[in-house]
Amino acid sequence: MATSDFVLGGLASVGATFFTNPIEVIKTRIQLQGELAARGTYVEPYKGIVHAFVTVAKNDGILGLQKGLAPALYFQFIINSFRLSIYSEAMERRWMHNRSGEVSYGLGLMWGAIGGVVGSYCSSPFFLIKTQLQSQAAKQIAVGYQHAHTSMSDALRQIYSKNGVRGLWRGSVAALPRAALGSGAQIATFGKTKALLVEYDLVTQPTLNSFSAGLIAGSIMSVAITPPDVITTRLYNQGVDAEGRGLLYRGWVDCFVKILRSEGVYGMYKGFWANYLRIAPHSTLVLLFFDELIAVRTKYRNH
C-alpha cells in the first residue's frame with residue numbers, strides 16, 4: 001500500500017470536513033433529542049435542519065456550529081486514510097474486478113467494508129470525543145448526556161484518567177457495523193458508478209466523473225448509514241458509571257432494541273436529512289479531492 005495514498009486519503013477528508021462539520025453538529029443534536037421517548041412526548045429544541053442552525057447560532061454562537069471540529073478532523077483523516085488507500089490499492093491491483101475485467105459491486109462492497117472497519121476502529125477515540133463535544137449545548141437547548149469537556153485534549157485526559165485506554169475505545173466495536181455498511185456502500189457505488197458513466201459515455205471528463213459518482217455514492221451511503229449512525233451516536237454520548245459501563249445501553253443490540261421499543265422505526269432514522277445533507281456533499285468532496293490529488297501525484301511522477 002502506497003504511503004502517499006494513505007496521506008492523500010486523509011488530506012482529502014480534512015478539506016471536506018471544514019465545510020460539513022456544522023451539519024454534523026446539527027445531525028448529532030437531532031439524533032439525541034427525545035432519547036428513548038415516544039414521538040410527540042418530548043420538547044424538540046431542534047425542529048428541522050434550518051431551525052436547528054438558527055437555534056444553535058442563537059444560543060451557542062456562530063462558533064457553536066463548529067463544535068468538535070478538532071476531533072472531527074483527526075477522525076476523518078485517520079478513517080479515510082485507511083478507507084481510501086485500501087480502495088485505491090484494491091482498484092490498482094484489480095482486486096475489485098471480476099473475471100471479465102469489470103468493476104464488481106460485490107467486491108467493492110467487501111473492500112469498502114474492510115477499509116471502513118479498520119479505519120473506524122483506529123479512529124474511534126476521536127469519534128467518541130467529537131460526538132461528546134458536539135452534543136454540548138446551552139442549557140435551554142441541551143439534548144442527551146452533557147459531558148464536561150472543555151476541549152479535545154481535556155476530553156482525552158478526562159476519559160483516560162477515569163477509564164484508561166479501554167475508556168477511549170468505548171463503543172469502538174459497536175461502531176463497526178456503521179463503518180462497514182456506510183463505507184461499503186460508498187466505495188462500491190463510487191467505483192462502479194465511475195466505470196458505468198465512462199462506459200455509457202455519460203460523464204467522461206475526469207473531474208465531473210468523480211463529482212457525479214461521489215454524489216451518487218453519498219446518497220446511497222446516507223440511506224445505509226443512518227440507523228447504525230443513530231446507534232453509534234447514542235452509545236458514544238451516553239454517560240458511564242465508575243466502572244466505565246454505559247448508563248443507558250449495554251451495547252449495540254441493547255441500544256437497537258431500546259430505540260425500536262421506545263421510539264419506533266422513526267427513531268432509527270432521526271437526523272436522516274441532516275445526515276444526507278452532510279454525507280452527500282462530504283462524500284462528493286472527499287472522493288473528488290482524493291481523485292484530484294491522485295491525478296496531481298501521477299502528473300508529478302511523470303515529469
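**Exercise 1. Split the lining of the second largest pocket by class, then say which parts of the chain supply it.**

Step 1. Sorted by class, the lining comes out as 6 nonpolar, 8 polar and 3 charged residues. Here Ala, Val, Leu, Ile, Met, Phe, Trp, Tyr, Cys and Pro count as nonpolar, Asp, Glu, Lys and Arg as charged, and the others, Gly among them, as polar.

Before going on, some ground rules. This is a predicted model, where local features need pLDDT of at least 70 and side-chain atom pairs count only at pLDDT 80 or more, while totals for chains, interfaces and linings use all residues. Residues are numbered from 1 along each chain as its sequence is written, and side-chain values use heavy atoms, with hydrogens and water left out.

Step 2. The volume of this second pocket is about 300 Å³. (On a 1 Å grid over the protein atoms alone, a pocket is an open set of points with protein on both sides within 12 Å along at least five of seven lines; a cavity is a set where a 1.4 Å probe fits but cannot get out; lining residues have an atom within 4 Å of a point. Points are joined across faces, edges and corners, and a volume is the space filled by probe spheres set on them.)

Step 3. There are 17 lining residues, and H147, H149, K162, N163 and V240 sit nearest the centre. Two elements, α4 (105-135) and α5, each give two or more residues, with α5 giving the most, at 5. (Helices are DSSP runs of H or I with at least four residues, strands are E runs of at least two, numbered from the N terminus.)

**Exercise 2. Which helix gives the largest share of the lining of the largest pocket?**

Step 1. The largest pocket has a volume of about 400 Å³. It is lined by 17 residues, and those closest to its centre are R170, G171, G244, R245 and G246.

Step 2. The largest share, 3 residues, comes from helix α5 (residues 152-168).

Step 3. By class, this lining holds 5 nonpolar, 7 polar and 5 charged residues.

**Exercise 3. How many cavities of 30 Å³ or more does the structure hold, and which element gives the most to the lining of the largest?**

Step 1. The count is 1. The largest cavity has a volume of about 280 Å³.

Step 2. Its lining has 23 residues, of which F75, Q76, R178, M221 and R278 lie nearest the centre. Two or more lining residues come from each of α1, α3, α4, α6, α7 and α9.

Step 3. The top contributor is α3, with 6 residues. The class split of this lining is 8 nonpolar, 10 polar and 5 charged.

**Exercise 4. Which residues have the most contacts inside the largest nonpolar core?**

Step 1. As background, nonpolar side chains tend to be buried together in soluble globular proteins.

Step 2. The largest core has 17 residues, and L84, Y87, M96, F190 and F290 have the most contacts inside it. (A nonpolar core is a set of buried Ala, Val, Leu, Ile, Met, Phe, Trp, Tyr and Cys residues joined through side-chain atoms within 4.5 Å; buried means under 20% relative accessible area, exposed over 50%, partly exposed in between, with a 1.4 Å probe and protein chains only.)

Step 3. The elements giving two or more residues to this core are α1 (3-32), α3 (69-92), α6 (176-199), α7 and α9 (272-302). Another core lies apart from it, with 15 residues, including F126, F127, I159 and A175.

**Exercise 5. Is G239 buried or exposed, and what does G239 touch?**

Step 1. G239 belongs to the loop between α7 (206-237) and α8 (252-268).

Step 2. With a relative accessible area of 3%, G239 is buried.

Step 3. Leaving out residues up to four places away in sequence, G239 touches Y145, H147, R245, G246 and L247. (Contact means heavy atoms within 4.5 Å.)

Step 4. Y249 is 10 residues from G239 in sequence, and their C-alpha atoms are 9.6 Å apart.

**Exercise 6. Where do R94 and D201 lie, and what is the phi of each?**

Step 1. Most residues other than glycine have a negative phi.

Step 2. R94, in the loop between α3 and α4, has a positive phi near 65°. R94 counts as partly exposed because its relative accessibility is 47%.

Step 3. D201, in the loop between α6 and α7, has a positive phi of about 55°. At 61% relative accessibility, D201 counts as exposed.
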